[in-house]
Number of protein chains: 4
Amino acid sequence: MPTLDPGIGEKFSRRTRRAINHDGSFNVRRRGGPHRHDPYQWLIQMDWWPFIGLVVVFFTVLNVAFAGAYMALGLEDLPGVAAPRGAVQDFLSALFFSIQTFTSVGYGHVYPGTNATGFLSSVEALVGVLTFALATGLLYGRFSRPTARIHFSRTAIISRRADGTPCLQFRIANQRNNILIDLQARVLLKTVHPATNDQTYALLPLERDAISFFPLSWTIVHDITPESPLHSLIAADYERLDVEIIIQLKAYDDTFAQDVHARNSYTHDEIEWHRRFIRAYEVDNDGIAVLDLDMVHQTEAL
Amino acid sequence: MPTLDPGIGEKFSRRTRRAINHDGSFNVRRRGGPHRHDPYQWLIQMDWWPFIGLVVVFFTVLNVAFAGAYMALGLEDLPGVAAPRGAVQDFLSALFFSIQTFTSVGYGHVYPGTNATGFLSSVEALVGVLTFALATGLLYGRFSRPTARIHFSRTAIISRRADGTPCLQFRIANQRNNILIDLQARVLLKTVHPATNDQTYALLPLERDAISFFPLSWTIVHDITPESPLHSLIAADYERLDVEIIIQLKAYDDTFAQDVHARNSYTHDEIEWHRRFIRAYEVDNDGIAVLDLDMVHQTEAL
Amino acid sequence: MPTLDPGIGEKFSRRTRRAINHDGSFNVRRRGGPHRHDPYQWLIQMDWWPFIGLVVVFFTVLNVAFAGAYMALGLEDLPGVAAPRGAVQDFLSALFFSIQTFTSVGYGHVYPGTNATGFLSSVEALVGVLTFALATGLLYGRFSRPTARIHFSRTAIISRRADGTPCLQFRIANQRNNILIDLQARVLLKTVHPATNDQTYALLPLERDAISFFPLSWTIVHDITPESPLHSLIAADYERLDVEIIIQLKAYDDTFAQDVHARNSYTHDEIEWHRRFIRAYEVDNDGIAVLDLDMVHQTEAL
Amino acid sequence: MPTLDPGIGEKFSRRTRRAINHDGSFNVRRRGGPHRHDPYQWLIQMDWWPFIGLVVVFFTVLNVAFAGAYMALGLEDLPGVAAPRGAVQDFLSALFFSIQTFTSVGYGHVYPGTNATGFLSSVEALVGVLTFALATGLLYGRFSRPTARIHFSRTAIISRRADGTPCLQFRIANQRNNILIDLQARVLLKTVHPATNDQTYALLPLERDAISFFPLSWTIVHDITPESPLHSLIAADYERLDVEIIIQLKAYDDTFAQDVHARNSYTHDEIEWHRRFIRAYEVDNDGIAVLDLDMVHQTEAL
């Protein structure tokens, strides 16, 4: 049985968590070294609500700072500010003027009446337009990043073919309406030595490791033949060896015209024995096949 | 004859529609599952007129909402609004002020005279610039999405070579002026079992499955040799077996510097028998080859 | 000798021009068929001066049209317009107001004083911001389009190796400072039958068809062995057979992180006999190699 | 031992510097030839501080020029400019008006009062919005350019396997948090003939030349078997032959959905003898592996 380390590591000082999480990330932290963070990557990968919150906070902090600077110069330098004044009202007046400058609205009922405010508002206008130029790029970057949303069955199963051969199976479907083509799959077995914690990897040959089109679900099958590293293992062995089935998928996304990748894994407690998948699609009266994404998880006893 | 499922499915409860439509889409619906829709994908794939309509509706709805909010605060908070007033005139005045803020025009003959309107107009100005940042990204995404516009002959034909070998042919041309290179073709035969509705697939070997350049038309040819799954089938068999010829094309688009893909299929009633293609290009007096896209469909009796 | 049509066509009614021009384009026109033009492709491929001219013309025409509409509504609807008036002055006043609205400058010394001008200026403000959103995408699309600027030697040469083997050579260099890696070359021979005008193609095997790095020049060599389709041809044969050497290059551009392609060809009158290339680079005192792009063309008699 | 020129050159008039610098660039200058510079490439590859400085300088120069033009027309053409006047104050007033036009803030307390200033401010408003359209594209281009930040061990080492086989090793890690997959490595040996300065290249076969995942560090190993071009060379030979180990890496960046490349080299004085690498990761209490990027360099005596 050929073994290979796919780059996840073979020797560890103690038992590690699963190699790959359900979202495709690895259980690894980084420490030391120069300049590890890429702000662009962080800003386009974060969720939408935190991103919007960050935009609002950034916009507010910057405008409060400029408002403070206008106040320091004195509001008599901003003709048009409404009387009567007070500290709070002055701050609000300065803040509104700042925002009107930053967003380049510039009503003009308040305007920079001195060289100092003329200069400061010029700087703010430039900062403002460049900030929105940056925001434009970030919004586009967030939207256009191609990501495969592959729907994996919640569990892998140990099933049995018509000819009696046992097999490991799991099922995937495209969660989105975009068209994925030339889908390729690679499945690895990770086992951990119970005593030494050494991790061993083996490629599991598949009944079929690529499909041209992916409009419906795809059941990926590894036959547990005598040559399979899973041969003669029972459920207790899976737990003892801390079995993890590692999956790597690659496809061409016809909407974004780019390759997309997905990763996932099933640990030994995510494998069901003696089950088979129930077909996840049917044909409607109009001859159109209907795929039920919730059915992708459905199995029944053999 | 080796058979393979390209991922379209083999077992169906009843007869399905054609596997692939002329626009490259599949006859599949999705149901259930989490979060299936990607708004970006939807916004860049929809046609131009609905997209422009959507932009106008979005712009109008947002500004009507802000206008309502300004009216709720009272138009006396917006100094500069013209007298005499009335409900309709107030709404229009508020709407025009809102649009001037949203687009950051900000003439200033009307301006926010209180803290409430100052705050509301600040929020609107931020929403406005971010909306146009988003619109910028969407417009770029729509334009820059690479798509192959391959012109397929309306019918496939059953023709005959000079040596008497029958062959299946269809013809393609590049509909646009961009340069496609390294074009690859893959052709599959789908047949349906008349009794069980089981679908079977077979790869049809081609006379030539790739070309380096694609300035003219390309006639794709499958020789119906004794090894071909089409051998000894007559027109009635094509109908009985619900024959569908499935085509997958891949090329490199030298304008967009990206791979592009195209799909199409011919059903049994889109196949003409005993025809041959008429050459679709000629050479002009100046030595330049002229490709007539309308001629791509032209066939004549053998 | 194996022959293949790379997709350029074998049968022509008369003699055609060269297959590939020096800028990589083909000598083919398109006629008929639906919707052949892609405006985005046209706008990002045109030269900079016509593009800038087009932007100015588009901006001017649109603003003249809006100015006309404001005049039709009557300039008394735009309070702030300076007296005394006249047709020309009115038009200019309307035009300046239009431009201030379109670019969202909106000084406000002139402003829409009625519902009609309020509505019209609202529409213009929206058209304006969307136009600049579009311009942003076009400018980015023009800049970011990866293109290989490969510098080809002006002529190909028939040279002779140290062991006496004759060979066909040409030389290329990267015209720009970006880093190209994994460069691949493919060279085809096109000959035309003097009587029938049939075009025949043959792949010319290369001494080396790929290099990992491309910081200097690369001399691409086809040995004219007895197996070569060029074997025993003399200069007069090249002309009689209308020889064209067709070159296809592919590389990975490390600046744009995308594959780039280039094409070129040498016709029989662009081939020099019994020459060799003079080395195009030397080493400076500081140990840095200096490539002289003008030297790429330099040959000397054998 | 098969030799190959990876495109760096074999014949040089004198000794050259290292082929590849630590930042992946080549020690090559370009001279002559047409139009070698691509401003976009230059603007997206320069560091952030020079880029920001350039934006500020460009913005300032353009606005100073427009301010000069407004002064030449006379400030009485810009109603609203504050009295009393003087050359410096006039220039500042014109500059502030210019910036308010360029950024489309347009407060309007100063406005173009004549046709000449109306025309000039219209041109400036168009130049302004197009400039920020360009800035948007440049900012996005700078951010979205995929670059692999591979952390190379400071030195390569000559180590020894458990079975006594000597080997050349170096170690890499991903410096950033983005996910790299399908990493491929290619290692070349460059030697220089001490007398002729001819450069010879040989591919060094690797224990493993690709890994699927790259969450931790990867030690790349060339076994110095009797077939290795490094066999029987001692440290003094490395110096005499000016040995350079050239590394080419390729990976798929799952964040940017694009291939990324990296290059580096070790010269003979960057190779340590009789060392081995200390493991660069450990497992935390929570089962998560922790990679210490500073440890990637750590070696110990055999």
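I searched the whole structure for disulfides, meaning pairs of cysteine sulfur atoms within 2.5 Å, and found zero over all chains.

I noted that this is a predicted model, in which local features need pLDDT of at least 70 and side-chain atom pairs count only at pLDDT 80 or more, while totals for chains, interfaces and linings use all residues. Residues are numbered from 1 along each chain as its sequence is written, chains are lettered from A and ligands numbered from 1 in the order in which they are written, and side-chain values use heavy atoms, without hydrogens and water.

I looked up two cysteines. A:Cys167 has a relative accessible area of 1% and is therefore buried (under 20% relative accessible area, 1.4 Å probe, protein chains only). C:Cys167 also counts as buried, at 1%.

I read the unreviewed UniProt entry, which annotates residues 48–75, 87–107 and 119–140 of chain A as "transmembrane region"; such annotations may be inferred rather than shown by experiment. Residues 48–75 of chain A are 93% helix and 0% strand, by DSSP runs (helix H or I, at least four residues; strand E, at least two). Their end C-alpha atoms are 38 Å apart. Residues 119–140 of chain A are 100% helix and 0% strand, with end C-alpha atoms 32 Å apart.

I then examined helices α2 (residues 48–73) and α4 (residues 115–144) of chain C, which pack at about 175° with axes 11 Å apart. The axes are lines fitted to C-alpha atoms over the stretch in contact, and angles run from 0 to 180 degrees between N-to-C directions. The two helices α2(C) and α4(C) are therefore roughly antiparallel (over 145 degrees).

Technical notes. Parallel < 35°, antiparallel > 145°, perpendicular 65-115°, else oblique. Buried < 20%, exposed > 50% of the residue type's maximum accessible area, 1.4 Å probe, protein only.
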